[in-house]
Amino acid sequence: MKRYTYIILSLSLLLPGCDFFYSEVEYKGKEAEPRLCVVSHIEANSSMARVDVLHSEFFLNAAKDSLPVLRDALVTLKRNSDAPVPLVYVPGNDTFAANIEYGFKKLPYGHYEAPISFSENDIIRLHVEHPEYGLVYAEQVCPQMPYFELQVDSLSVYNEVYGRLYLPAYKGKMTDVLALKANMEGNMLTYIYSRDPIFATYQNYQTTSGYYGGREMYLPVSDQPREIQVILDRYTTGRVSPVYPSGSPSFNPEGPDTTKVSDKITMSIDATSHTIDSYQYINTLMRVAGDPFGNYVPDMTSERAMRQNDQGMEFDIAEIFNIISEEFSVLGNAEGYQVYTNLTGKNKQNLQPFGCFRATNWYTVTKTIPRNN
């Protein structure tokens, strides 16, 4: 154990000593012209629609005590052939944790909103106009509700839920994208795994054992009914041990296990249908943000337990190095990605706007299942 502690301490000393992370390069280019920036996420059947309107800020001028929010824009949303609905600016209800001169500060900002609801297949048109920063147009077709049925087949002694999703034929646009996210008893680090090659279509990650996996998994829609096998697993660090219902025996190499465990476990799966613009925006945003823990997908608990039995605590060190490897990969490729935008329009300098107008729909299934005896 001492040699692993030495490795971790060595890394902690080595990384801060790298000038690569702290080097400054003088910018000699010209200052970029500000552009209109609009971000809006329309969720089906929500009672309130929201639009954020700002202007872009030159990066050398970013250390300010306020955000470049535009309070005097004309913002409307139009549903199908209905008359456009104007949105009203609501000041100061939100806060944004901004990096101000290498520190974080919560800055107040407002947004535009209106009590308007959208349903699946509605055509939604956004129009934003500002006297100085120009015009923005965008359009989305609200996705179909991603209804599905869930059948649970078994629950392993490691709390892995093995089940199947039954998805009916999708009636919306065939360019829409489905996203699956799981939750087990309030655990935010619940992962979904599957060997179904359908998950190779989009940017899903694979474990070292070949499973597609992630806290959120993306797959294409289909005009045919489908059955997809999935495994749900809660990720925990440290030593992995089997879990049995209360009163059942459990093996513990360090002595008897007296922990009382519930005889039932509650889980849920959320399915979200995204427009292709919504998927592209989220995917590129996550890549540019470069969260290494979001990129890394651990092996399932049962596989980690097998490796633990074979290698002792070495499996934890392997996972640490995997996370560090992902971090370096993100740092090396960050400049290769640009956040996706689907806005059209122009300003006085004939420059295109920034941002994204996207729409989603969702469906959730929750089940409580008994543990294996």
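## Surroundings of Asp233

In this predicted model, Asp233 is in contact with Tyr158, Glu160, Met184, Leu189, Thr190, Tyr191, Tyr193, Met300 and Thr301, once its neighbours within four places in sequence are set aside. Asp233 itself belongs to strand β16.

Although Asp233 is buried, it takes part in no salt bridge, and the nearest side chain of opposite charge, that of Arg304, is 5.9 Å away. A salt bridge would require a side-chain nitrogen of Lys or Arg within 4 Å of a carboxyl oxygen. A polar atom of the Asp233 side chain does, however, lie 2.7 Å from the backbone nitrogen of Thr301, a residue that also appears among the contacts of Asp233.

## The pair of Tyr191 and Tyr235

Eight aromatic pairs are counted in the model. In one of them, the ring centres of Tyr191 and Tyr235 are 6.3 Å apart and the ring planes stand at 80°, so the arrangement is classed as edge-to-face. The pair joins distant parts of the chain, since Tyr191 lies in strand β12 (residues 190–194) while Tyr235 lies in the loop between β16 (226–234) and β17 (264–274), with their positions 44 residues apart. Tyr191 and Tyr235 are both buried.

## The aromatic cluster and Arg195

Tyr191 and Tyr235 belong to one aromatic cluster together with Tyr193 and Tyr211; of these residues, Tyr191 and Tyr193 are also listed among the contacts of Asp233. At Tyr211, the charged end of Arg195 sits over the ring, at 3.9 Å from the ring centre.

Methods. Residues numbered from 1 in each chain as written. Predicted model: local features only at pLDDT ≥ 70, side-chain atom pairs only at ≥ 80, totals over all residues. Heavy atoms only, no water. Phe/Tyr/Trp six-rings, centres within 6.5 Å; stacked < 30°, edge-to-face > 60°. Helix = DSSP H or I, 4+ residues; strand = E, 2+ residues; numbered from the N terminus. Buried < 20%, exposed > 50% of the residue type's maximum accessible area, 1.4 Å probe, protein only. Lys NZ or Arg CZ within 6 Å of the ring centre and 35° of its normal. Lys, Arg positive; Asp, Glu negative; His and termini not counted. Polar contact = N/O pair within 3.5 Å; in protein donor to acceptor, adjacent residues only side chain to side chain. Contact = heavy atoms within 4.5 Å.
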